[in-house]
Amino acid sequence: MALRAKPPRQAKLAKPKIMIFGASGVGKTFTSMDFPSTYLMDAENGASQRHYLEKLAKSGGGYWGREDGAGEYSEVLKEFKELAQGGHPYKTAILDSHTKLFNTLIAEETERLERAKKEIAYGNEKRPAVRASRRMITLFDAVDMNVIIVCHEKAKWGDNGQEGYTYDGWEKLRFEMNLVLRIVNEGGKRKAIVDKSRFEQFPEYSKFDWSYDNFADIFGRDVLEGEVKATQFATDEQIQEFNRLISIVKVSDEVAKKWDAVESLSDLTSDALQKRIDYLNNQLTKGNK
């Protein structure tokens, strides 16, 4: 099989997947709405006030609130999948907040376990919330939009007491994002502190003015404001073929663990699932020699 790497200059710069966190009222969501053509998923109804809605209206943005389903993690996942398939004018998806959705699922599962008189131990009350968060990450990879995930802030504790601040939510979410920013207010000005970064333009622990124009100047407007391409998700035929092959081809534990991280095959893009099918066909051919 021929190698498939591209020269670095041909690699497409993807739209950023950003997680922001900070104290309540610091301007996390309001400033994020300056990103191009925003679609706001308001799980908290915190942006239902007039000045938020007027700002969205002026920019041609869209609002989806709790009364429409934004307070349910399962509905949020469906909405991300719809956005990924294109046919809309939006270029930026904002979820406010992951913290609310994540902790709501934990509370619901805790209540279910208590009603069933089952032990709450080893983090079993977090399992539905973690599964939903993993699905969300899979869909992030599929959607060709700027994505901003808003989280609440909480104290970060260590052996010697408080060591700063971090986000409230799935502990592995940080590792899945391109960029993690803590938003602060310094002397009446919003600043972003880089908590984690995969972009050389944003070195870790650096600080910059938190505004869309400043972010765009640093990152590149052509990517942020570029056309959104529709995503083709895996077809029923591909899912059936994958399931047939995986039932007869043994894969390594490493590959199996990686593949099992995806909660639903239907969340994979057609190209991503086809790569798995091609891999299994290749292993099958080797085994028959």
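Strand β2 (residues 38-42) and strand β3 (residues 62-65) run parallel and are joined by four bridges; strands are taken to pair when DSSP finds at least two bridges between them. Within this pair, L40 stands opposite Y63 in β3. Between the two strands the chain passes through helix α2 (residues 50-59), and this β-α-β crossover is right-handed. Right-handed here means that, with the strands pointing away from the viewer, the path from the first strand over the helix to the second runs clockwise. Helices (H or I, at least four residues) and strands (E, at least two) are DSSP runs numbered from the N terminus.

A word on the source: this is a predicted model, in which local features need pLDDT of at least 70 and side-chain atom pairs count only at pLDDT 80 or more, while totals for chains, interfaces and linings use all residues. Residues are numbered from 1 along each chain as its sequence is written, and side-chain values use heavy atoms, with hydrogens and water left out.

**The whole protein**

Stepping back, the protein has eleven helices and nine strands. Its C-alpha atoms fill a box of roughly 70 × 55 × 45 Å along the principal axes. The radius of gyration is 21 Å, which agrees with the value near 19 Å for a compact globule of 289 residues; it is taken over C-alpha atoms, and the globule rule is 2.2 Å times the number of residues to the power 0.38. Of the 289 residues, 45% count as buried, where buried means under 20% relative accessible area, exposed over 50%, and partly exposed in between (1.4 Å probe, protein chains only). The accessible surface comes to about 16100 Å², with 46% of it belonging to carbon and sulfur atoms; these areas come from the Shrake-Rupley method with a 1.4 Å probe. Among contacts (heavy atoms within 4.5 Å) between residues at least 6 apart in sequence, 63% join residues at least 24 apart.

**Helix α7 and F215**

Helix α7 (residues 212-219) has Y212, F215, A216 and F219 as its buried residues. They lie on the same side of α7, because they cover an arc of only 100° around the axis; the arc is that of the directions from the helix axis to the C-beta atoms. That fits a familiar pattern: an α-helix has 3.6 residues a turn, so residues three or four places apart point the same way. The cover over these buried residues includes β1 (17-22), α1 (28-32), β7 (179-186), β9 (207-209) and α8 (221-224).

F215, in helix α7, counts as buried because its relative accessibility is 0%. Leaving aside residues up to four places away in sequence, F215 touches I18, F35, L179, F202, F208, W210, G220 and L224. One of these, G220, sits just after α7 and takes a positive phi of about 125°.

**Backbone angles to look at**

Most residues other than glycine have a negative phi, and most peptide bonds are trans. The table gathers sites in loops that depart from this pattern.

| Site | Angle | Loop |
|---|---|---|
| S37 | phi near 45° | between α1 and β2 |
| K117 | phi about 55° | between α4 and α5 (127-142) |
| D96 and S97 (cis peptide bond) | omega about 5° | S97: between β4 (92-96) and α4 (98-115) |

Is K117 buried or exposed? K117 counts as exposed, because its relative accessibility is 77%.
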